[in-house]
Amino acid sequence: MASEAIYTNKIFLCGALPLLKTIVADIPSLKEKFKNIHCIYQVSCLDPDAPQGKWATHFVVNGDEWLVHADKVAHRLGKQKYVELEFKSVDAMNAFFKGKIAPNTLPKMKGVNFVKEFAVFMMALLKMASLLGMTSIPEDEDTKRLLVKCYFYLLSVGISTLNKQGHKEIHDWCLKSPDRVYAWRVDGEDSVSAYIRIKAGKSKAGKGIYKRAMPFFTMRFNNLDSALGILMSIDDMLASVREGKLIMEGAPEFGAQIGAYMMLVGALAK
């Protein structure tokens, strides 16, 4: 069983950082800046216990095409342009992504000589930080849609990641589970949805609507504002259910269970 620091780090590596692909794709002005970019980007932290001496997530970017390699260290080939933010430890990276920015949490920046490539990557990271750091519901509908999408992806991947890392509570739940799909969605917003499939200890998170079968349980919101009210811990879950903002499609006890795991992911990432 991993430590809490590793659980947190894996949520950032596997859940938060891959959101960059979604954010860039959904913001036209940011997407345009990557139009002619061909670069490998990596965010890493040193750890003597890691197989290669560090944990990392990297992206191979070729314009509109982003290949995300979550929790994998990059292997540079030839003269490919390369940018990396390398933190000195797991704790330093965790603190930085939780907003505790200080001299001892700042990363070593590699590839700054690739000025354009470095600049646009930092823009994307800052946009991600801005989105996930919001404390009130934004007014712009496109921003709402993107933010809910990011939260759904982060929570589904976060729960699956904790299972794969052997988190006792979540892994025990997955071990005992038959083949079931748990989903999140918003009425009238099919692109704003995510799910996690679990079976006998295994789990897999996915984007979009699960189409192979009816999900065992769905946490469905009547609109984007209602979703953000819960996801941003602004509204009370029971009150949202009573008011029809949140519809639990399935037994209520499973809603409470998924809600608890959502809070667990959120607590580790904050």
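Here are some questions and answers about a predicted model, covering a sheet, some aromatic rings and one asparagine.

User: What is the strand order in the open sheet of five strands?

Analyst: Pairing in this sheet is mixed. Neighbouring strands are turned by 10° against each other on average, ignoring direction. Reading across the open sheet, the order is E8-E7-E6-E9-E10.

User: Which strands of that sheet stand at the edges?

Analyst: Look for strands with a single partner, because one side of each is then left without a neighbour in the sheet. That fits residues 202-207 and residues 246-249. So the edge strands are E8 and E10.

User: How many bridges join strand E6 to strand E9?

Analyst: E6 covers residues 180-186 and E9 covers residues 217-221, and the two run parallel. One of the links has Tyr-182 with Phe-217 of E9 as its bridge partner. The number of bridges joining E6 and E9 is five.

User: Is the Phe-216 and Phe-254 pair stacked or edge-to-face?

Analyst: A search of the whole structure turns up 16 aromatic pairs, and Phe-216 with Phe-254 is one of these, at 4.7 Å centre to centre. Their planes sit 80° apart. Since planes over 60 degrees apart get that label, the pair is edge-to-face.

User: How many residues apart are Phe-216 and Phe-254?

Analyst: This pair links distant parts of the chain. Phe-216 is in the loop between E8 and E9, while Phe-254 belongs to helix H10, residues 252-269. In sequence they are 38 residues apart.

User: Is Phe-254 buried or exposed?

Analyst: Its pair partner Phe-216 has 32% relative accessibility and counts as partly exposed. Phe-254 comes in at 17%. The cut-off for buried is under 20%, so Phe-254 counts as buried.

User: Which residue's charged end sits over the ring of Phe-216?

Analyst: Phe-216 belongs to an aromatic cluster with Trp-173, Tyr-182, Phe-217, Phe-254 and Tyr-261. A charged end sits over the Phe-216 ring, 4.0 Å from its centre. That charge comes from Arg-180.

User: At what distance from the ring centre of Trp-55 does Lys-10 lie?

Analyst: Here's another charge over a ring, with Lys-10 lying over the face of Trp-55. The distance from the ring centre is 3.5 Å.

User: What is the relative accessible area of Asn-163?

Analyst: Asn-163 lies in helix H6, residues 141-164. Leaving out residues up to four places away in sequence, Asn-163 touches Ile-170, His-171, Cys-174, Gly-201, Lys-202 and Ser-203. Asn-163 is buried, and its relative accessible area is 3%.

Terms used. Residues numbered from 1 in each chain as written. Predicted model: local features only at pLDDT ≥ 70, side-chain atom pairs only at ≥ 80, totals over all residues. Heavy atoms only, no water. Pairing = 2+ DSSP bridges. Helix = DSSP H or I, 4+ residues; strand = E, 2+ residues; numbered from the N terminus. Axes fitted to C-alpha atoms, helices over the stretch in contact; angles between N-to-C directions. Phe/Tyr/Trp six-rings, centres within 6.5 Å; stacked < 30°, edge-to-face > 60°. Buried < 20%, exposed > 50% of the residue type's maximum accessible area, 1.4 Å probe, protein only. Lys NZ or Arg CZ within 6 Å of the ring centre and 35° of its normal. Contact = heavy atoms within 4.5 Å.
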